[in-house]
Amino acid sequence: MRKTQLLIALAAIGFTGSAFATNGYFAHGYGIKAKGMGGAGIAYSQDALAAATNPAGMVLVGSRVDFGAELFNPNREATTGGTTYKSGSDLFLVPEFGYNRMIKPNMSVGISVYGNGGMNSHYNPITAFSNGPKTGVDLMQLFIAPTLAMKINENHALGASLNLAYQRFKASGIANFAGMSSSAANLSDNGHDDSTGIGVRLGWTGTLSPMVTVGATYQSKTQMSEFDKYSGLFAEQGDFDIPENYGLGIAVKATPKTTVALDVVRIMYGDVKSIANPISLLAPSTLGNDNGAGFGWKDQTVYKLGVSHQVDDKLTVRAGYNHGSAVIPTTEVAFNILAPATVKDHLTLGATWTLQNGAELSGYFMHAFSESITGATPQVGGSSTIKMNQNALGVAYGWKL
């Protein structure tokens, strides 16, 4: 038990870094195995990180421990005012941890610790924003999810997670918007601020036949405490809730050794004012108000397709494709220079080796293809282009208890 508590603590401490996630600001998947399949996992649970995707899957993976880490490399670029700015801070460590225990043949309790996502940029001073320090933002989100799951009969399982959420944020070099802020002292360059909140994730899986499993999952909107140091930036005096999201999945056992999984996920960015409010609301002394300007993001639909093939008793290989609809309209480029969430298409590869001691060593690689958005940006002058591509490399080690 002490070993498990230590691993949880180390995983939580590891989330001091930040990353810019891939489906908007959400990660493209959770758990190294699922990430190797484009993030698909609603109907195909493989490890003790299953609760991050579908809590019902925890009772299907059995008693086990999994922990891993990902090196995430987002390459962000913005061209505005005739100058191209490339963001520094382009390599991040993203750890993960999961523990699950069968307390009855049909019931499990566990905990999953993972990064939900985040956004980060770190440009040399962009004169349209500030003549001062580096221009950019830094957001990270951590979930600690205690989970209860149970089989209600031979073919169906239900699960529920309590999402204990933590996030931290910093904005730098945007002081030129002070006249637009309702609280200029709480707009920029105040260091990191913290926010906490609680939500739930519910899930179901059902085996329809020996070949077909389906699943559904729902995560409530997570009501977060406000970023007081940035109450003059985010709408509703520093509010930055984590959006509601839900999804459906299907897994088909195409052959005895090959499984194909497909997830469709909907992320409701449009329900969070600080994320969704358009920049057209920007006016003197309005940033931070109840209906202040935001990033103008739209709701996003994500498609995750993955395949897993067992080569032999020791080796399983995986591949996947992930596509997310665009979240940034061309009318909203100005503020999104700070948060250029442009990527839409991802390809992934992964594998698991079963070692002589029975433990599993897994790895995966992801590439998100470069995508750019150009739009008129009268708020910072002329037009601007934002662009990003991403790479990630992850490893995990897990074993059955």
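**A walk through salt bridges, cores and a patch**

Lys33, Arg64, Asp66 and Glu360 are linked in a network of salt bridges (a side-chain nitrogen of Lys or Arg within 4 Å of a carboxyl oxygen of Asp or Glu). This is a predicted model, where local features need pLDDT of at least 70, side-chain atom pairs count only at pLDDT 80 or more, and totals for chains, interfaces and linings use all residues. Residues are numbered from 1 along each chain as its sequence is written, and side-chain values use heavy atoms, with hydrogens and water left out.

Trainee: What is the mean pLDDT of the chain?

Mentor: The pLDDT is the predictor's confidence in each residue, from 0 to 100. In this chain, 95% of residues reach 70 or more, and the mean is 94.

Trainee: Which residues have a pLDDT below 50?

Mentor: There is one stretch to treat with care. Beyond near neighbours in sequence, it has 13 contacts (heavy atoms within 4.5 Å) in the model. The stretch with pLDDT below 50 is residues 1-13.

Trainee: How many residues apart are Lys33 and Glu360?

Mentor: Their side chains meet in a salt bridge, at 2.6 Å from N to O. Lys33 sits in helix H2 (residues 32-35) and Glu360 in strand S15, helices (H or I, at least four residues) and strands (E, at least two) being DSSP runs numbered from the N terminus. The pair links distant parts of the chain, and the separation is 327 residues.

Trainee: Is Glu360 buried or exposed?

Mentor: Buried means under 20% relative accessible area, exposed means over 50%, and partly exposed is in between (1.4 Å probe, protein chains only). Glu360 has 17% relative accessibility, so Glu360 counts as buried.

Trainee: Which strand holds Arg64, the partner of Glu360?

Mentor: The side chains of Glu360 and Arg64 meet in a salt bridge of 2.9 Å, N to O. Because Glu360 lies in strand S15, the pair ties together parts 296 residues apart in sequence, with Arg64 in strand S1 (residues 64-80).

Trainee: What is the distance between the closest N and O atoms of Arg64 and Asp66?

Mentor: Arg64 is buried, with a relative accessible area of 2%, and Asp66 is buried too, at 6%. The two form a salt bridge whose closest N and O atoms are apart by 2.7 Å.

Trainee: Which strand gives the most to the largest nonpolar core?

Mentor: A nonpolar core is a set of buried Ala, Val, Leu, Ile, Met, Phe, Trp, Tyr and Cys residues joined through side-chain atoms within 4.5 Å. The largest one has 55 residues, and those with the most contacts inside it are Phe169, Phe177 and Trp297. Elements supplying at least two residues each include strand S4 (107-120) and strand S6 (156-172). The one that gives the most, with four residues, is S5.

Trainee: How many residues are in the second, separate core?

Mentor: Among its members are Ile32, Phe72, Tyr364 and Ala396. The second core has 10 residues.

Trainee: What accessible area does the nonpolar patch on the surface have together?

Mentor: Patches are made of residues with over 30% relative accessible area and no salt bridge: like charges are joined within 9 Å, nonpolar side chains (Val, Leu, Ile, Met, Phe, Trp, Tyr) within 5 Å. One member is Val260, found in strand S11 and partly exposed at 32%. Areas come from the Shrake-Rupley method with a 1.4 Å probe, and for residues only the protein chains shown count as cover. Together the patch has about 760 Å².
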